[in-house]
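Work through the exercises below with the sequence and the coordinates at hand, and try each task before reading its solution.

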Amino acid sequence: MNSKSPLTRGQRWVVKIGSSLLTNDGQGLDFQRIKGWVDQLADLHRSGMQIILVSSGAVAAGMHRLGWSRRPIELELLQAAAAVGQTSLVQCYEQCFQEHQIHTAQILLTHEDLSDRKRYLNARNSLRTLLSLPVMPIINENDTVITDEIKFGDNDTLGALVANLMEADALIILTDQQGLYDRDPRYSKDAALIPQAKATDPSLVAMASGAGALGSGGMATKVRAAKLASRSGAVTAICAGREENVLRRLRSGEAIGTLLTPDQEPIVARKQWLAGHLKTRGSVFLDAGAELALVKKGRSLLPVGVSRLEGNFKRGEAVSCIGESGRLVAIGLINYDAAECGKILRRASQEIFDILGYISEPELIHRDNLVLME
Ligand SMILES: Nc1ncnc2c1ncn2[C@@H]1O[C@H](COP(=O)(O)OP(=O)(O)O)[C@@H](O)[C@H]1O
Ligand SMILES: N[C@@H](CCC(=O)OP(=O)(O)O)C(=O)O
């Protein structure tokens, strides 16, 4: 085992499988291969890792079911194919994961789900809950309700944004090539594989071009995805999905495909990302006990430990947590609006229901949605 590979460390991976792999040269879903990836994912899952699967293939599977040989360009036809194909896709995964007694959950996302603060928090909390059960989330873009403006457009980008959302340690992109080459190997026989690079290296963009017959983004979107994923400290591996035992081998530290690393240590990147990406909309002021619970005991922030607040924030927005000395202790995503917080601060979590008439979560900010600033 190569202990230097960042893929041997970290417990949370987003694994993205592209259309080019999932279908058997346009002949419908390749059940045997899907079973092969599921067997490997199940192994990783059993070893205690948390895996989030981002799977393409709905349009390609739908095209096959409908007997279409060419990918349509009309949005309505793509949406129809996706709707038809998504059912076969999840059915196939469910059947394969069932053999390992692992439950699956289908999650269809649009761009709006990750750009709206409230929905962002809802998506994050739902995924966190599924992982804790544990259930294997299988994500795809919600193709049937999208228009061009609210499309992720490709699942490489969606995979990266999910890696940000869940602060994953790695984004693994499985595709039909060995990795990123210095030019498209479809057209250049002497193209050379790039084994490792910085995800932000600008020269990568010039090397990567468009998709094959079934995929939608090509290498260009994979390179962009690696850069996006690196914002929250995730390393990206672009690998051949058909390589035997590719996922198990990556985990054991074998150098396969292309590894694109973040510029900074993951923990530093994660903090900067949360601090920068999530513009804070207000502050909560902690008493000494709450500061101690956050900093020393790794706990969530409860309403009882908050003495006052500032700002007109909404549920899901980022707020600063300020200590008694005025120090910025942490930034986190808050579970209640400012008006609601005003009513429950200094109160025990058991009282939330009586005060507000409902309870969203017992914590004001869950530990998993909080980053310490020291
Ligand atoms: N520099 C490059 N290195 C490797 N592949 C490239 C490069 N530029 C373009 N490609 C193309 O990108 C394709 C993979 O992207 P895509 O078809 O979107 O697959 P997926 O369905 O896995 O997302 C490859 O088949 C390859 O021809
Ligand atoms: N939502 C689409 C994904 C299209 C897509 O991004 O494909 P790919 O470039 O193969 O990852 C589908 O399921 O067909």
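The exercises that follow concern a predicted model, and each task is paired with a stepwise solution.

**Exercise 1. Two annotated positions**

Task: Decide whether Asp-176 and Gly-218 count as buried, partly exposed or exposed, and place each in the secondary structure.

Solution: Begin with the record, an unreviewed UniProt entry, which lists under "binding site" a set of residues including Asp-176 and Gly-218. Next, locate the two positions: Asp-176 sits in the loop that runs between strand 5 (170-175) and strand 6 (196-198), while Gly-218 belongs to helix 9 (residues 218-230). For the burial class, recall that 20 or more other C-beta atoms within 10 Å make a residue buried, that 12 or fewer make a residue exposed, and that the values in between make a residue partly exposed. Asp-176 has 15 C-beta neighbours inside 10 Å and is therefore partly exposed. Gly-218 has 21 such neighbours inside 10 Å, so Gly-218 counts as buried.

**Exercise 2. The shell around ligand 2**

Task: Describe the residues around ligand 2 by proximity, by element and by class.

Solution: The shell holds 18 residues, of which Gly-18, Ser-19, Ser-56, Ala-58 and Val-59 come nearest to ligand 2. Turning to the elements, those that give two or more residues to this shell are helix 1 (19-22), helix 3 (58-66) and strand 4 (136-141). Helix 3 provides the largest share, namely three residues. Finally, sorting the shell by class gives ten polar, five nonpolar and three charged residues.

**Exercise 3. Domains and the nonpolar core**

Task: Establish how domain 1 and domain 2 are related through their contact, and where the largest nonpolar core lies with respect to them.

Solution: The domain assignment divides the protein chain into domain 1 (6-264) and domain 2 (278-372). Their centres, taken over C-alpha atoms, are separated by 34 Å. Six residues from domain 1 and seven residues from domain 2 take part in the contact, and the side of domain 1 that touches domain 2 comprises four charged, two nonpolar and no polar residues.

Now consider the largest nonpolar core, which has 101 residues, and in which Val-15, Val-162, Leu-171 and Ile-172 touch the most other members. Helix 4 (residues 75-98) contributes the largest share of this core, eight residues. Because domain 1 (6-264) and domain 2 (278-372) both give residues to this core, the core lies between them. As a last step, take Val-162 as an example: leaving aside residues up to four places away in sequence, Val-162 touches Val-14, Ile-52, Val-54 and Ile-139.

Terms used
Residues are numbered from 1 along each chain as its sequence is written. Chains are lettered from A and ligands numbered from 1 in the order in which they are written. This is a predicted model: local features need pLDDT of at least 70, side-chain atom pairs count only at pLDDT 80 or more; totals for chains, interfaces and linings use all residues. UniProt positions are given in the numbering used here, feature names are shortened, and annotations may be inferred rather than shown by experiment. Helices (H or I, at least four residues) and strands (E, at least two) are DSSP runs, numbered from the N terminus. A residue is near a molecule or strand if its C-beta atom, placed from the backbone, lies within 6 Å of it. Ala, Val, Leu, Ile, Met, Phe, Trp, Tyr, Cys and Pro count as nonpolar, Asp, Glu, Lys and Arg as charged, and the others, Gly among them, as polar. Domain bounds come from an automatic or database domain assignment. Two residues are in contact if their C-beta atoms, placed from the backbone, lie within 7 Å. A nonpolar core is a set of buried Ala, Val, Leu, Ile, Met, Phe, Trp, Tyr and Cys residues joined through C-beta atoms within 7 Å.
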